[in-house]
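Q: Please take a close look at a single part of this model, the hairpin and the sheet that it belongs to, and describe how that part is built and what packs around it.

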Amino acid sequence: MRCTATGLIKVGDSTGALLSACGRPQLTESLQYPEGGVASTRYYFRVGGKEAFVAEVRAGEVVALRRMR
């Protein structure tokens, strides 16, 4: 998934690599376990003016990338 002209992100990248390549997310959503603790975090990014994508992170690693329109 391409964030910027130079930022390319893939599943398996670290949270630091994601934020470094894509910048600050438009929205961050944390999903928690019922007994407490963060299960995963979703970062919502807008690329250009029309396209957007969501990166889901667990334990500091990108586990899913989804394109939104």
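A: In this predicted model, Gln32 has Val38 of β2 as its bridge partner. The two strands concerned are β1, residues 27-32, and β2, residues 38-47, which pair in the antiparallel sense over six bridges. Five residues lie between the strands of this hairpin, and Gly36 takes a positive phi near 110° there.

The hairpin belongs to an open sheet of four strands, which follow the order β1-β2-β3-β4 with antiparallel pairing. Strands β1 and β4 (61-68) stand at the edges with a single partner strand each, so one side of each is left without a neighbour in the sheet. From one strand to the next, the twist averages 20°. Helix α1 packs on this sheet, where it touches β2, β3 and β4, and the direction of α1 makes about 15° with that of β2.

Within β2, Thr41 deserves a separate word. Thr41 has a relative accessible area of 13%, and it is therefore buried, the cut-off being under 20%. Leaving aside residues up to four places away in sequence, Thr41 touches Thr28, Glu29 and Ser30, and also Ala55, Glu56 and Val57.

The nonpolar side chains come next. In soluble globular proteins, nonpolar side chains tend to be buried together. The largest nonpolar core here has eleven residues in all, namely Cys3, Ile9, Leu18, Ala21, Cys22, Tyr43, Phe45, Phe53, Ala55, Val57 and Val62. At least two residues of this core are supplied by each of α1 (15-22), β2 and β3 (51-58). Cys3, itself a member of the core, touches Ile9, Ala21, Cys22, Val47 and Phe53 when residues up to four places away in sequence are not counted.

Two of the core residues, Phe45 and Phe53, call for a closer description. A pair of aromatic rings is described by the distance of the centres and the angle of the planes. The structure holds one aromatic pair, and this is the pair formed by Phe45 and Phe53, with 5.2 Å centre to centre and 20° between the planes. The pair counts as stacked because the angle of 20° falls under the limit of 30 degrees. Both rings belong to buried residues, since Phe45 has a relative accessibility of 4% and Phe53 has a relative accessible area of 1%.

Technical notes:
Residues are numbered from 1 along each chain as its sequence is written. This is a predicted model: local features need pLDDT of at least 70, side-chain atom pairs count only at pLDDT 80 or more; totals for chains, interfaces and linings use all residues. Side-chain values use heavy atoms; hydrogens and water are left out. Two strands pair if DSSP finds at least two bridges between them. Rings of Phe, Tyr and Trp (its six-membered ring) pair if their centres lie within 6.5 Å; planes under 30 degrees apart count as stacked, over 60 as edge-to-face and the rest as tilted. Buried means under 20% relative accessible area, exposed over 50%, partly exposed in between (1.4 Å probe, protein chains only). Contact means heavy atoms within 4.5 Å. A nonpolar core is a set of buried Ala, Val, Leu, Ile, Met, Phe, Trp, Tyr and Cys residues joined through side-chain atoms within 4.5 Å. Axes are lines fitted to C-alpha atoms, for helices over the stretch in contact, and angles run from 0 to 180 degrees between N-to-C directions.
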